[in-house]
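Biologist: I am new to this structure and should be grateful for a close look at a single part of it. Would you kindly describe the nonpolar core and the strands around it?

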Amino acid sequence: MEATGGTALCVCSVLVILTGVSSHFIHVPSLHHHGIEGKSLLLSVETRFPLDQTEIQGTWSHTKPSGTRTTLVTFTNEATITDMMYRDHLLFKEPNVSLLIHKLSQDDEGDYHLSLNIEFHNKTGQVFKEERTVHVTVDVPVSTPAIDKNPTYAVIEDKANVTWTCSVERGTRVVFQWLRDNVALGPSDRYYFSQDNGTLLISPVRKEDKGTYRCMASNAVTHARHSRPMDLNVYYGPYNLEVNSVQGLRTGEVFTINPGELVFFECQADSNPPNSYVWISKSRNSTQVITEGPRLEVLSYRLAHAEEYMCRAFNNVTLKQDEAQFTLVVASLGTGKEKHTAEGTSVSPLAAITVCSLFVIGCMLLFFLRRSCHPKRVLMSMYNRPLSEQKKPPRSGHEDATEDFGIYEFVSIPGKMESAQASCRSLARLESVQDMHTTIYDVIRHVPETPSHSLLK
């Protein structure tokens, strides 16, 4: 076992000598610690060499933010000496040279410096030096933040400023963040923040600043904590004034209505608080107030051919106003509507007639084509009648019936389909045949030897 430890020690020593790097001997997991006031904090150190085969000598010292430096612990393999002022506050943890600080306070902030000398037993006279510095901050957890607004009442846009303040009762190195309607706010041409973001100045206030505000507070040892919400009410407007009506026909700022029709107009604008509305009739160069309120009722039979009207919206707080003018024309809309309807409905019958005509024509073409080019005609053309029968004069059907008397027999004629093909023009002269897949028969007439005697009998 000792031989194995000695071999490992020799390997480490050789690597250190060859590379000149001594970081293999100790390792500090974290060089920066965020401590909580009143809690303990361990400055952990990991040794990577066999302590029983080395001689060590080191110190832990503390440098405050003010620059004051104090040696806290001096230690060797055999002994540990702790400054009497810190005996109940510190604990040196052997054998890995870590340092535990009890009940952190603001005085414990600063840099903790570890200086360690290492001498291996098999390398007497050769000392390796290790040094590490660990930075420690001590913070107080943040309490729930409180939000404040000045002025506390509603403000008028473009005429007032608002100052928001966020504060906490407890907490160190607090970072603040502002939210409006749950959206984070940042610096802009009207938003001004203090260095720690604890104060927000909005100058001047606008319509879009209206909403619900919150502030968040956090630090290195506390997650973000939210304040209660607080609303900012901004008086603004009127904006986007419009006059609308569901009756008549509107073209731009001109409304056309039928004679005798009762029409209602609505006047609306974006404003806080709500506007007061006045309806004014303009005729020639004079104006007359008709009514007040957002709604106007007009009887068209009381109007001339055309009249001009105006809706005026006024905000009693911002002292701003806006106007919307329109012209009301009395004219019969029935003819135009009926014409439009007739034009619209005439398209459908015309389309239906066109489709039906095309369908009928197509059916007729298909019928004639099928009849003129039917395959039955081809089969009939392949069967040739005797020349003597073809040269006979046409018969009217009133000739002597004794010539037709006799015994008839149907005989099939195979092979006729294989010989020739007839054109569609020759087939048109034939009148009737059976289906092309059926058997074709010819009629053979057998006349009795003495037809006249048979008839006499």
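**The core and its strands**

Modeller: In this predicted model, the largest nonpolar core comprises 28 residues. Those with the most contacts inside this core are Leu 43, Trp 60, Phe 75, Leu 99, Tyr 112 and Ile 118. Two or more residues of the core are given by each of the elements β3 (41-43), β5 (54-63), β6 (69-76), β8 (90-93), β9 (98-101), β10 (110-120) and β11 (127-139). The largest share, five residues, is that of β10.

Tyr 112 may serve as an example of the contacts made. Its neighbours within four places in sequence left aside, Tyr 112 is in contact with Leu 43, Trp 60, Ser 61, His 62, Leu 72, Leu 99, Ile 101, Arg 132, Thr 133, Val 134 and Val 136. Another core, of 21 residues, lies apart from the one just described; among its members are Ile 147, Val 205, Cys 215 and Val 234.

The arrangement of the strands comes next. Six strands form an open sheet in the order β2-β11-β10-β5-β6-β7, and their pairing is mixed. At its edges stand β2 (32-36) and β7 (80-82), each of which pairs on one side only. On average, neighbouring strands of this sheet are turned by 20° against each other, direction ignored.

Within the sheet, the pairing of β5 with β10 deserves attention. These two strands pair in the antiparallel sense over ten bridges, and Ile 56 stands opposite Ile 118 in β10. Ile 118 is also one of the residues with the most contacts inside the largest core.

How values were computed:
Residues are numbered from 1 along each chain as its sequence is written. This is a predicted model: local features need pLDDT of at least 70, side-chain atom pairs count only at pLDDT 80 or more; totals for chains, interfaces and linings use all residues. Side-chain values use heavy atoms; hydrogens and water are left out. A nonpolar core is a set of buried Ala, Val, Leu, Ile, Met, Phe, Trp, Tyr and Cys residues joined through side-chain atoms within 4.5 Å. Buried means under 20% relative accessible area, exposed over 50%, partly exposed in between (1.4 Å probe, protein chains only). Helices (H or I, at least four residues) and strands (E, at least two) are DSSP runs, numbered from the N terminus. Contact means heavy atoms within 4.5 Å. Two strands pair if DSSP finds at least two bridges between them. Axes are lines fitted to C-alpha atoms, for helices over the stretch in contact, and angles run from 0 to 180 degrees between N-to-C directions.
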